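Biologist: Please take a close look at a single strand and describe how the residues along the strand are placed and paired.

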Amino acid sequence: MKKRTLCAVFALLLAFGFLAGCNSGGSNETTAAPTTAAPTTAAPADPVIRCSTTTSVNDSGLMGYLEPLFEAETGYDLQITSNGSGAAIALGRSGDADVLLVHSKDDEEKFVSEGYGVERIPFMFNFFVIAGPADDPAAAAGSANAAEAFKKIADGKNTFVSRGDDSGTHKKELKIWKAAALTPDAAKDTWYLSAGKGMGDCLTMANEQSAYILTDKGTFLSMKDKLDIKILLAESDDMKNTYSLIACSTAKNPDVNAEGAQAFIDWMTKQETLDKIAEYGKTQYGEALFSVMK
Amino acid sequence: MEAFREAFRLIVTLNDELMHILGVTLKMSFASVLLSCLAGVPMGVRLGAGKFRGRSLVMRILYTLMGMPPVVAGLIVFLLLSRRGPLGSLELLFSVPAMVIAQVVLITPIVTGLTASVVAINAPALLETANGLRLPRLTKLRLLVTENRTPLVSVVLAGFGRAIAEVGAVNLVGGNIQFKTRVMTTAIMLETSKGHFEFAIALGAILILIAFIINIAASFFRGDSHDYG
């Protein structure tokens, strides 16, 4: 009798697991229930839009906020993958994305000029900031700009966490090092940690190591309660961070959902959505995480 | 296919970063297996040697630990070593020692279990003789190890194979920091996600080669050839 009940329990567990797997495979779960009732337009021909974005946008929670609104209004199924901008753009090249939302100007312009993207549309921005231990051993806080702060950090061999993943933030960080005429080497400089991770993970690491880090303000604010490191240098000219939308071109990858990509871009750049983006974060963090252009 | 050719070139030219990653992997794996065996073999011998009070409870705990999902072990060690955790003052997080700790948590139960099953085979006969000769306790335990040394080598190799293959726990507590805690498995994950397939393939090829060699050696020591002879 005992063996029978054990078999029955296992069979039930397997069945439960199977059903749960079937359910999540079919639909695209969203965290927030959409407030509008039904899509206002007819169901599109190709409903799936693959949006490749960056960890700094995703970790800030903006996409989680906008996705259900977009899907409810248009009837599209938005599938978001997030990586460093370098990897996010690579997905556009290989035809694994329909639209990009990234922040790496040089890479974006290359992407479009090589024919993989239709057009680069900058639409929102924020600033990078330098965060670090509250006692600020490198005295980064009083610096005139990021390059000066970086120099102080390097001179004092203070621990610095780098994204190390070819992301937009990483590229920006490298530009600042270049402006400071420095080239930290992860192999030789033990204070320079090349983490190869997304923004959120890198902030956690910097927090653990009481290290300095270049981060976008959005992700930092969204993690403020969990971090002991503080913003030491904010909004210097060499730290402006512009995000752009790029529809992937069917010229290089014919299977791209061009209509879907355009629908997403149109929705993201319309005034109603831009207003929402400009407001995002105010109630939670006391300030908006992004500013919009125009 | 371009990627495969480039991967081959990376290997034969002994690319710096590739060799560094290999070095960190081997260092971490050797340390993990050594500590796991120092802890696990004596415990396994004791378990396999014969019945004692509470043996079945210990066996059940052992099987549960063997079934521990590696990434959960990583999480537990992470929380322990984190700055805000109980052992945070040791500042061990995101270092090779942290990775070794997580590995030891995972591999010791496996080594213990395998040792117990190896020893249990000839333990009754061995102990009967040893008791007849009135050998002291420590000598009996030492005998159980030396008389089983060949299959025990395969247990050590199994532990090593497990160590170099671990990804989740090692990624969590090590942090996959370039030139510091990046090992072959975590490097493959990163390079693939970056689209640097040549590097990932080179690492994968070396990893498969090592795994094959270990497994063939382990089966040789285990005496598998006798079964199929």
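Modeller: Two strands are said to pair if DSSP finds at least two bridges between them, and the elements themselves, helices (H or I, at least four residues) and strands (E, at least two), are DSSP runs numbered from the N terminus. Residues are numbered from 1 along each chain as its sequence is written, while chains are lettered from A and ligands numbered from 1 in the order in which they are written. This is a predicted model, in which local features need pLDDT of at least 70 and side-chain atom pairs count only at pLDDT 80 or more, whereas totals for chains, interfaces and linings use all residues.

The strand chosen here is β7 of chain A, residues 212-216, which is mostly covered, with 5 of its 5 residues buried; a residue counts as buried if 20 or more other C-beta atoms, placed from the backbone, lie within 10 Å of its own. Y212(A), L214(A) and D216(A) point one way from β7(A), I213(A) and T215(A) point the other way, and all are buried.

As for its partners, β7(A) pairs in the antiparallel sense with strand β4 of chain A (residues 117-132), over 4 bridges, and within β7(A) it is L214(A) that has I130(A) standing opposite. With strand β5 of chain A (residues 160-162), β7(A) pairs in the parallel sense over 2 bridges, and here F160(A) stands opposite Y212(A). Y212(A) and L214(A), which have these opposite residues, thus also belong to the set that points one way from β7(A).

Methods: Buried ≥ 20, exposed ≤ 12 C-beta atoms within 10 Å, placed from the backbone.
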